[in-house]
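Me: Could you walk me through this model with a few questions and answers? I would like to see the reasoning each time.

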Amino acid sequence: MTRATTPRATTTRKQPRSKTPTAKPKVDVTLQMTDQFRELRLPSFRDHFQETATRAATENLSHLDYLSELTTRECETRREGRIRRLMTRSRLPLGKTWESFDFARLPLSVKRQLETLRDGSFLNRRENVLLFGKPGSGKSHALCALSQQLVQQGHSMLFTTCGLLVQQLLIAKRDLRLPKLIKQFSSFEGLIIDDLGYVQQNREEMEVLFTLLAERYERGSVLLTSNLAFSKWDQIFKDAMTTAAAIDRLVHHSVIIELNVPSYRVETAKKATSQAPKRTN
């Protein structure tokens, strides 16, 4: 007997209800890009993209021209900021500039030497610059003026007097931080030591200075001024062997400049005296 089959009930699938598309919220592109440039740390883009876009549309500039102008602004802003930071770190006296230095007092050969050094290539070769001359000859001014020119090109420089430098080294040695301090100095392309030999130091002070010069040898440039010729450097380093070793390390890769000119301060005083009105009895 055949069992009767009951036909299956066909199920009707429910069609999904069509959703009404919701409108996307309108984005303020200007505000969005301002936030994005801030997040990307592009301050020049953030500050100038709107005005530059308006001008680009007016002058019919291409997209590449528009982008190039913004990129150029950003690079210039960053370079200016870096130079400001380098100048602050350098501790250079601001008044001793290239423009304020009286080059007319110098022999032509010395002027050419200083002019040649302005390109900064000696820093890349780790060469030293040694300026010698009597007090008031303009050694410090010339070296500071040159160093400011190098900072403007993006080189890292550090100015210090010999007396202050020696005290820093002594304190670091006492606190067992001398290697760390010397490593900090190594981050500068040029270390400027002003007035070497102007104040007489004791043997311990000169030992730490020699340690710095030895560690810096062929690793970074030293720029220094001194009123003592090499023949009198035994007064600085106290014994013949240390003196010879210090001179050898400084002179090996160096440019030596001698300012054999009268004292600028004495000349200025004489000039002021001669121009002063004479008193009549």
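Me: What does helix 6 (residues 139-152) reach from its first C-alpha to its last?
Reply: Happy to help, and please keep in mind that this is a predicted model, where local features need pLDDT of at least 70, side-chain atom pairs count only at pLDDT 80 or more, and totals for chains, interfaces and linings use all residues. Residues are numbered from 1 along each chain as its sequence is written, and side-chain values use heavy atoms, with hydrogens and water left out. Helices (H or I, at least four residues) and strands (E, at least two) are DSSP runs, numbered from the N terminus. Helix 6 has 14 residues, and 1.5 Å a residue gives an expected 20 Å (1.5 Å times one less than the number of residues); its reach is close to that, at 20 Å.

Me: How many of the 14 residues of helix 6 are buried?
Reply: Buried means under 20% relative accessible area, exposed over 50%, and partly exposed in between (1.4 Å probe, protein chains only). Helix 6 is largely enclosed by the rest of the structure, because the number of its 14 residues that are buried is 13.

Me: Which residue with a positive phi follows helix 6?
Reply: Look just past the helix for a phi near 100 degrees. The residue there is Gly154.

Me: Where is Glu218, a residue other than glycine with a positive phi?
Reply: Phi of Glu218 is near 65 degrees. At 45% relative accessibility, Glu218 counts as partly exposed. Its place is the loop between helix 9 (203-216) and strand 4 (221-226).

Me: And Asp195, is it buried or partly exposed?
Reply: Asp195 is found in strand 3 (residues 190-196), and its phi is positive, near 65 degrees, though the residue is not glycine. Its relative accessible area is 29%, so Asp195 is partly exposed.

Me: How many salt bridges does the count come to?
Reply: The rule asks for a side-chain nitrogen of Lys or Arg within 4 Å of a carboxyl oxygen of Asp or Glu. One of the pairs is Arg46 with Asp47, the closest N and O atoms being 3.0 Å apart. The count by this rule comes to 9.

Me: Which residues are linked with Arg55 in a network of salt bridges?
Reply: Start with Glu59, whose side chain meets that of Arg55 at 3.1 Å, N to O. Both lie in helix 2 (residues 43-59), 4 residues apart, about one turn of the helix. Glu59 is partly exposed at 44%, and Arg55 is partly exposed at 30%. The residues linked with Arg55 in the network are Glu59 and Glu69.

Me: Glu74 and Arg78 meet in a salt bridge; which of them is buried?
Reply: Their closest N to O distance is 3.1 Å. They are separated by about one helical turn, because they are 4 residues apart in helix 3. Arg78 counts as partly exposed at 46% relative accessibility. At 5%, the buried one is Glu74.

Me: Which residues gather with Arg84 in a patch of positive charge?
Reply: Arg84 is in helix 3 (residues 63-90) and counts as exposed at 54% relative accessibility. Patches are made of residues with over 30% relative accessible area and no salt bridge, with like charges joined within 9 Å and nonpolar side chains (Val, Leu, Ile, Met, Phe, Trp, Tyr) within 5 Å. On the surface, the residues gathered with Arg84 are Arg79, Arg82 and Arg85.

Conventions:
Areas by Shrake-Rupley, 256 points an atom, 1.4 Å probe, with all protein chains shown as cover. Lys, Arg positive; Asp, Glu negative; His and termini not counted. Charge placed at Lys NZ, Arg CZ, Asp CG, Glu CD.
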